Amino acid sequence: MVHLTPRIHWYEINDQSWFPSYLRARVQAGLTLMWTLNLPIIQPSSPGELVAATLQRILGTRIRDYTFVDFCAGAGGPTPYIEKDLNARLGFTKPPSENGHANGNTESVPVNFVLTDIAPHIEAWKEAQLGSPTQSLQYIDYPVDAANAPGDFLGPVTKEGQSTKVFRLFFLAFHHFDDPLATKILENSIDTSDGFAIFELQHRTVSSFLTCTLMWPLLLLISPFYFWRDPGFLFFTYIIPIVPFVLVVDGYTSSLRTRTPEEIRTLMGGGGKGGIKGWKFRSGSEVHTYPIGQMSWFIGMKES
């Protein structure tokens with residue numbers, strides 16, 4: 001993978017305080033659609049399903065040992081869809097009682113997912129929680145700072161039989177942090193969790209910029225099928241095309257901000273207070289849209 005430039009920490013329109021919240025919600029809805037979209041032929045599975053498959057493949061049987069915590073959940077993002085898909089892969093499509101599983105061990109209950117953010121979106125999370133067929137999507141209703149998170153905050157949302165080992169998730173989020181903040185988040189992850197994963201859908205490559213560019217015509221083709229109940233989304237896609245403009249321009253910026261696995265490892269240094277002894281790190285990439293769209297991942301697991 002040939003990168004065009006060193007990492008450049010420019011700013012995304014959708015992150016700015018002056019950008020209207022009404023439009024921000026539509027842009028976020030468009031981003032969530034990109035995670036869950038499954039186009040015939042060029043997408044054998046959606047990027048969200050690819051995340052679930054990657055976690056299952058890399059973590060193996062240990063996947064049941066964790067509670068997965070999205071530390072930058074925003075309004076929910078892809079996490080509710082990933083929770084459904086991952087638990088379905090593990091054989092859970094209903095609540096444990098309806099599946100006939102007994103309580104008391106981590107193999108008898110679905111894997112738990114928790115939504116958190118420094119600015120909680122409680123109403124959106126409540127709605128997402130209702131959509132979990134296994135009742136395994138929870139949320140923390142107060143701000144959680146990914147750079148200064150305690151290690152014991154899962155108690156109120158942990159059900160019987162569910163693990164309290166925290167596995168942090170960052171979906172299209174880690175590139176938003178500048179180097180000092182990213183370093184603090186990595187150190188805090190090492191100190192207070194048992195694993196973490198960073199997933200990005202873009203890179204500093206020509207193919208990534210082309211993929212971002214194609215989001216505009218793609219939105220024009222599919223928006224009526226997915227957002228017909230949201231006239232505001234359609235208006236700001238077709239009449240005044242702010243939504244596709246921001247998605248594409250912020251996509252370019254995100255590409256320039258995305259770190260390579262080597263750059264993440266350099267930021268990590270020796271880890272936090274306890275160091276990185278006993279931790280194992282893996283990274284890779286998967287094609288999410290043929291032939292040019294790639295998802296990169298970086299996963300850390302505490303071995304002991």
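**Reading a surface patch and a sheet**

Author: In this predicted model, helix α8 (residues 231-239) supplies the largest share of a nonpolar surface patch, namely three residues.

Reader: Which residues form this nonpolar patch, and what is their accessible area together?

Author: The patch consists of Leu 220, Phe 235, Tyr 238, Ile 239 and Ile 240, which together have about 440 Å² of accessible area.

Reader: Is Tyr 238 buried, partly exposed or exposed?

Author: Residues between 20% and 50% relative accessible area count as partly exposed. Tyr 238, which lies in helix α8, has a value of 36% and is therefore partly exposed.

Reader: Turning to the sheet, what is the order of its strands?

Author: The sheet is open and has seven strands, arranged β3-β2-β1-β4-β5-β7-β6 with mixed pairing. Each of the edge strands, β3 (137-139) and β6 (279-289), has a single partner, so one side of each lacks a neighbour in the sheet. On average, neighbouring strands are turned by 20 degrees against each other, direction ignored.

Reader: How many bridges join β6 to β7, and how do these strands run?

Author: The two strands run antiparallel, and ten bridges join β6 to β7 (residues 293-302). Within this pairing, Ser 283 stands opposite Phe 298 in β7.

Reader: Which strands does helix α2 touch, and which does helix α10 touch?

Author: Helix α2 (residues 47-59) packs on the sheet through β1 (66-70), β4 (165-171), β5 (195-200), β6 and β7, and its direction makes about 35 degrees with that of β7. Helix α10 (residues 261-268) also packs on the sheet, touching β5, β6 and β7, with a direction at about 30 degrees to that of β7.

How values were computed:
Residues are numbered from 1 along each chain as its sequence is written. This is a predicted model: local features need pLDDT of at least 70, side-chain atom pairs count only at pLDDT 80 or more; totals for chains, interfaces and linings use all residues. Side-chain values use heavy atoms; hydrogens and water are left out. Two strands pair if DSSP finds at least two bridges between them. Helices (H or I, at least four residues) and strands (E, at least two) are DSSP runs, numbered from the N terminus. Axes are lines fitted to C-alpha atoms, for helices over the stretch in contact, and angles run from 0 to 180 degrees between N-to-C directions. Contact means heavy atoms within 4.5 Å. Patches are made of residues with over 30% relative accessible area and no salt bridge: like charges are joined within 9 Å, nonpolar side chains (Val, Leu, Ile, Met, Phe, Trp, Tyr) within 5 Å. Accessible areas come from the Shrake-Rupley method with a 1.4 Å probe; for residues, only the protein chains shown count as cover. A salt bridge is a side-chain nitrogen of Lys or Arg within 4 Å of a carboxyl oxygen of Asp or Glu. Buried means under 20% relative accessible area, exposed over 50%, partly exposed in between (1.4 Å probe, protein chains only).
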